[in-house]
Amino acid sequence: MMRVLFYLPGVTPWWFEHIIVPLLEKLVVDHEVHILAPVFWKGTGVGQSQYDLCQHMPQICWHVVTDQDHPSMRTKAKQADAIIDFVQSLNPDFVLCRSADFDTVRQFPGIVRHITEGGAEPLLLPVGAVHFAQEPFAHGLLPDLSDEHIAQLDALIEPYWQPLVDAPYAKVAAQNSFREWAKLACDRPVLFVPLEYEHDENFYTIHRNGPVPNAHLVEELLERLDPRVFVALTNHPLNELYVDNSAVEILAATYPERLTLLPGEMPDGARTSPSLMRAADGVLLGDSKAFSLAAFSGTPILRQSRFATGGWLCASDNLDEFTDAMIKGSAQPPNLAKARTWFAYHAANNLVWPKDPCLSGNGILERLSNPFEPDRWERNLGVFAVGWERGEKVAV
């Protein structure tokens, strides 16, 4: 029996219900499970609703922090030493985290992993698919793969890859129709900026390498960017639902000759971002998981981030150099051959679907103990490949 700790200062109710509870249900069967989290505040932490979701698992050991410093646990714990001492006394074998305070969890004992979003557009994945990552926002990383491993991954993805490439939305006619609808500038390169989620419950914004909130990012971009480059924005869908976007909307209305803010959906109901990514000459990314869509589309990337970026993405971190290359038409795109390998590796090796009926608690711990395991690739990719046979089924 192993001791597993869930450290959850930054968990939202949706994450708890759809991701944490299914993981708990599998782990409590054979293992000792603890939850360490603050009381509910600004949309994160735990409260009565989370207890109620776990009523059928009375063996869970709850450790709920209620003191006046509990809000700081989300970002930089004021009582970090006390938290670390407590976790060390608990001495878990495994720790699964949902917290923007990376410094504190680095000092926890055992195997420590962050539960991060597993999405990798344009692959269609079940709701709640996650990646147990050693570091959040380290995007596009690949281990040193042997030729044999690369061949294995390419063979696994082969039946599904070409339908993705040949999907109707990727055809030239569809792209031309999109550009006409979006009124994209035809005489200047287009820089796509997908704005990131910035609701109060998203404490991960403290790690952004750039201005916050999004309106300040756009303002700075307008100040620094060569006016020969046209900016096309899309908002995060949760921003559209829950955030005051008026400052960004005012900027778009004030500078229509330099930027546009496109709606999240096109008239046919399809999401705007995938089509815009294909139409753009470059994309500015922070820590958004939209990097996978850029990789698939072959869109050159300018990344402003504190976290690692896979070399095959060929991302630049210099705005002036990147925009100059865009204007000249020489911005370097991601390596498409390695993109294919990365998508295969991510689905086959990294992804975990907590609700997978064939996933056991021991299977979860195996993922944590062995982050690289070719023996699971065929089985694991099969969990996610059910809807990939036809391009029409791909999430766009």
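**Figure 1. L5 stands opposite V95 in strand 4.** The model shown here is predicted. The close-up follows strand 1, residues 3–7, beside strand 4. These two strands run parallel. They are joined by 4 bridges. Find L5, then look across to V95 in strand 4.

**Figure 2. Strand 4 also pairs with strand 5.** Strand 5 covers residues 111–117. Strands 4 and 5 run parallel, and 4 bridges join them. One partnership is easy to pick out: C97 has H114 of strand 5 as its bridge partner. Strand 4 is thus shown with strand 1 in one view and with strand 5 in this one.

**Figure 3. Strand 4 is covered on both faces.** This strand spans residues 94–97. In a regular strand, side chains alternate between the two faces of the sheet. Which residues of strand 4 lie on each side? F94 and L96 are on one side. V95 and C97 are on the other. All four are buried. V95 is the residue that stands opposite L5, and C97 is the bridge partner of H114.

**Figure 4. W342 and F343 form an aromatic pair.** The structure holds 18 aromatic pairs. The pair of W342 and F343 is edge-to-face. A pair of aromatic rings is described by the distance of the centres and the angle of the planes. For W342 and F343, the distance is 5.0 Å centre to centre. The angle between the planes is 75°. Are these two residues buried or exposed? Both W342 and F343 are buried.

**Figure 5. Ring pairs build a cluster.** Widen the view around W342 and F343, and further rings of the cluster appear. W161, F291, F296 and W312 belong to it too. Ring pairs link these residues with W342 and F343.

**Figure 6. R98 lies over the face of W15.** Here an arginine meets a ring. R98 is 3.6 Å from the ring centre of W15.

**Figure 7. The protein chain as a setting for the close-ups.** The chain has 15 helices and 12 strands. Its radius of gyration is 22 Å, close to the 21 Å that the globule rule gives for 396 residues, so the chain is as compact as a globular protein of that length. Along its principal axes, the C-alpha trace spans about 65 × 50 × 35 Å. Of the 396 residues, 54% count as buried. The chain exposes about 17700 Å², and carbon and sulfur atoms supply 50% of that area. Among contacts with a separation of 6 or more, 71% come from residues 24 or more positions apart.

Methods:
Residues numbered from 1 in each chain as written. Predicted model: local features only at pLDDT ≥ 70, side-chain atom pairs only at ≥ 80, totals over all residues. Heavy atoms only, no water. Buried < 20%, exposed > 50% of the residue type's maximum accessible area, 1.4 Å probe, protein only. Pairing = 2+ DSSP bridges. Phe/Tyr/Trp six-rings, centres within 6.5 Å; stacked < 30°, edge-to-face > 60°. Lys NZ or Arg CZ within 6 Å of the ring centre and 35° of its normal. Rg over C-alpha atoms; globule rule 2.2 N^0.38 Å. Contact = heavy atoms within 4.5 Å. Areas by Shrake-Rupley, 256 points an atom, 1.4 Å probe, with all protein chains shown as cover.
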